[in-house]
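Morning, everyone. I have one model to go through today, and I will keep it brief.

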Amino acid sequence: QPKINVAGEDWFAQSIKGEAQVFLFSRNATQEQRDLLIATPVDTAAGTSGVLFVTIDGTAISGQINTQAYDGKAMSVICDSSGTVLFCEPKLNGDYIGKSVFDYADSIKMYENAEAIGLAAALKRGVTTSFTYSYYDNQYYAVTAPVGVQDWRIIAFVSSDVADAVQRQVN
């Protein structure tokens with residue numbers, strides 16, 4: 001295991017001052033899927049004695065997203081509160097990483113307790129809500145909810161054709 005001196009890193013300096021850090025970073029410029037770094041100060045009775053940190057491969061995080069709904073035909077992405085996709089499940093092949101969820105919606109209609117705030121505001125506020133959207137003449141049903149990490153949100157979506165076919169089977 002190679003030894004790396006991280007004493008000069010900004011995240012280390014902030015953590016040694018007592019502030020936990022959680023953020024995404026790229027190990028190299030050609031990598032689209034960013035990795036996660038979590039750093040926390042190690043506190044003792046004498047004060048902060050060091051920093052404990054871990055890096056998690058972003059591909060491994062994406063690999064854990066596996067939407068089972070609608071016989072696996074629904075899909076999910078994790079985005080931040082501005083709508084930038086951070087992680088997507090493997091069946092999406094990483095095509096969404098770094099792009100805005102708004103790039104994939106021609107029109108959006110909010111439902112439930114959205115109070116007509118719109119998807120952008122729902123993501124910013126971290127509310128759980130459902131919505132429909134269209135993209136290239138296709139209709140989709142979706143739901144968003146906070147993940148509980150940073151300002152991250154999960155958006156699960158399914159095409160209306162798939163969802164409606166399942167609904168017809170139930171009826």
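I will start with the overall layout and then turn to one sheet.

Keep in mind that this is a predicted model. The protein contains four helices and nine strands. Going along the sequence, the order is α-β-β-β-α-β-β-β-α-β-β-β-α.

Next, the overall dimensions. Along the principal axes, the C-alpha atoms take up a box of roughly 65 × 35 × 30 Å. The radius of gyration is 19 Å, whereas a compact globule of 171 residues would come out near 16 Å.

Now burial and surface. Of the 171 residues, 37% count as buried. The exposed area is about 10300 Å², and carbon and sulfur atoms supply 50% of that. As for contacts, take those between residues at least 6 apart in sequence: 37% of them join residues at least 24 apart.

On to the sheet. It is an open sheet of three strands, in the order E1-E2-E3, and the pairing is antiparallel. Which strands stand at the edges? They are E1, residues 21-25, and E3, residues 47-56. Each has a single partner strand, so one side of each is left without a neighbour in the sheet. On average, neighbouring strands here are turned by 20° against each other, ignoring direction.

Let me look at one pairing in detail. Strand E2 covers residues 35-44 and pairs with E1 in the antiparallel sense. How many bridges does that pairing run over? Five bridges. To find the register on the model, start from Leu24: its bridge partner in E2 is Leu36.

That is all I have on this one.

Conventions:
Residues numbered from 1 in each chain as written. Predicted model: local features only at pLDDT ≥ 70, side-chain atom pairs only at ≥ 80, totals over all residues. Heavy atoms only, no water. Pairing = 2+ DSSP bridges. Helix = DSSP H or I, 4+ residues; strand = E, 2+ residues; numbered from the N terminus. Axes fitted to C-alpha atoms, helices over the stretch in contact; angles between N-to-C directions. Rg over C-alpha atoms; globule rule 2.2 N^0.38 Å. Buried < 20%, exposed > 50% of the residue type's maximum accessible area, 1.4 Å probe, protein only. Contact = heavy atoms within 4.5 Å. Areas by Shrake-Rupley, 256 points an atom, 1.4 Å probe, with all protein chains shown as cover.
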